[in-house]
Amino acid sequence: MGQVCGLYQVDQSTVAVKEKFGKFSTVLSPGCHCVPWCCGVNVAGVMSLRVQQLDVRCETKSKDNVFVTVVASVQYRAHIETAEDAFYKLTNPREQIKSYVFDVVRASVPRMLLDDVFEQKNDIAKNVEEQLEKAMRTYGYEIVQTLIVDIEPDETVKRAMNEINAAARLRVATQEKAEAEKTLQVKRAEGEAEAKYLSGVGVARQRQAIVDGLRESVLAFSDNVPGTTPKEVMDMVLVTQYFDTMKEIGASSRNSTVFIPHGPGAVRDVAEQIRNGLLQGQAGHMN
């Protein structure tokens, strides 16, 4: 802005207040205006029409006696129609806005618990905006928007809240871990039971296959060699298996010694033991 030869320039988004002999005359809009200073006309000042923001930090106490700092952000502006009131009625509008914010916040928060302050911050902001709008309209200012941008409890309280939250999360994690371990143990037990069942079925089938094979061998030998009894064929098969077992033991490369009875009588005893074991296995499988 400048004043040259009685001309005055008003920038965009601002207005100028013109006085004549110290009395308000008119509001000058953006552009170039004639201000004949020699006739007692002068520009008393300029005002911005832009939206301005004021951040107010207000410390108060909640209903449960917790000190908390509430940060309110107030956006306001003046209009060209009310520029006269905004220029002449208030010396410092920012301090006036702060006073109203302090009054509303300190009247609202002490009636709430700390958790309610966080949950109802929009209600607090609405109350502040309504009170400011009614009060500042008289002075020519419009309250565009009011926000509660931050709520800061005392550092000790904040640390305690974090510890409570961490303990709750740890308790949930412990419960989930216990449930997972329980499920794992159940599944492991079910798997072991199923494995034992399948192992028992396999052993039973193996024994049945051995019995079926011996039966077929005995029948085939009796058919091909007339005059032999099944008992004689069975003894011969068992003796053959006995000698095969001895051969396998002797051919083993392991450095171990196995003491077993040997001789015709021993062979007869072994045959009786094997026969009795197979018959018992077959009887158990049939049961």
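A salt bridge is a side-chain nitrogen of Lys or Arg within 4 Å of a carboxyl oxygen of Asp or Glu. The exercises below concern a predicted model, in which local features need pLDDT of at least 70 and side-chain atom pairs count only at pLDDT 80 or more, while totals for chains, interfaces and linings use all residues. Residues are numbered from 1 along each chain as its sequence is written, and side-chain values use heavy atoms, with hydrogens and water left out.

**Exercise 1. The chain as a whole**

Task: State how many helices and strands the protein chain has, and what share of its residues is buried.

Solution. Helices (H or I, at least four residues) and strands (E, at least two) are DSSP runs, numbered from the N terminus. Counted in this way, the protein chain has 7 helices and 9 strands. For burial, the cut-offs are under 20% relative accessible area for buried, over 50% for exposed, and partly exposed in between, with a 1.4 Å probe and protein chains only. Of the 287 residues of the protein chain, 26% count as buried. Contact means heavy atoms within 4.5 Å, and among the contacts in the protein chain with a separation of 6 or more, 63% are between residues 24 or more positions apart.

**Exercise 2. Salt bridges**

Task: Find the salt bridge of Arg77, and work out which parts of the chain it ties together.

Solution. The structure holds 6 salt bridges, and one of them joins the side chains of Arg77 and Glu142 at 3.0 Å, N to O. Because Arg77 lies in strand E8 and Glu142 in strand E9, this pair ties together parts that are 65 residues apart in sequence. Arg77 is partly exposed at 28% relative accessibility, and Glu142 is partly exposed at 22%.

Two further salt bridges can be set beside that pair. The side chains of Glu95 and Lys98 meet at 3.8 Å, N to O, and both residues lie in helix H2, 3 residues apart, which is about one turn of the helix. Lys187 and Glu190 meet at 4.0 Å, N to O, and these two residues lie in helix H5 (residues 155–224), again 3 residues apart and about one turn of the helix. Lys187 is exposed, with a relative accessible area of 53%, whereas Glu190 is partly exposed at 44%.

**Exercise 3. A lysine without a partner**

Task: Decide whether Lys18 is buried or exposed, and which side chain of opposite charge is nearest to it.

Solution. Lys18 has its place in strand E3 (residues 14–20). Lys and Arg count as positive and Asp and Glu as negative, while His and the chain ends are not counted. Side chains of opposite charge can pair when their charged atoms come close. Lys18, however, is buried and has no salt bridge, and the nearest side chain of opposite charge, Glu19, is 12 Å away. Leaving aside neighbours within four places in sequence, the residues in contact with Lys18 include Phe24, Leu28, Cys34, Val41 and Val43.

**Exercise 4. Aromatic pairs**

Task: Describe how the rings of Phe24 and Tyr88 are arranged.

Solution. Rings of Phe, Tyr and Trp (its six-membered ring) pair if their centres lie within 6.5 Å, and planes under 30 degrees apart count as stacked, over 60 as edge-to-face and the rest as tilted. A search of the whole structure finds 3 aromatic pairs. The rings of Phe24 and Tyr88 have centres 5.9 Å apart and planes at 85°, so this pair is edge-to-face. The pair links distant parts of the chain, with Phe24 in strand E4 (residues 23–28) and Tyr88 in helix H1 (residues 83–88), 64 residues apart. Together with Phe87, these two residues form one aromatic cluster.

**Exercise 5. The two sides of helix H4**

Task: Say which residues of H4 are buried, and where they lie around the axis.

Solution. Helix H4 (residues 121–137) has 17 residues and reaches 24 Å from its first C-alpha to its last, close to the 24 Å expected at 1.5 Å a residue, the expected span being 1.5 Å times one less than the number of residues. Its buried residues are Ile124, Ala125, Val128, Leu132, Ala135 and Met136. They cover an arc of only 105° around the axis, which puts them on the same side of H4; the arc is that of the directions from the helix axis to the C-beta atoms. The face turned away from this buried side carries the exposed residues Asn122, Lys126, Lys134 and Arg137. What covers the buried residues of H4 includes strand E8 (67–78), helix H2 (93–108), helix H3 (114–119) and strand E9 (141–153).
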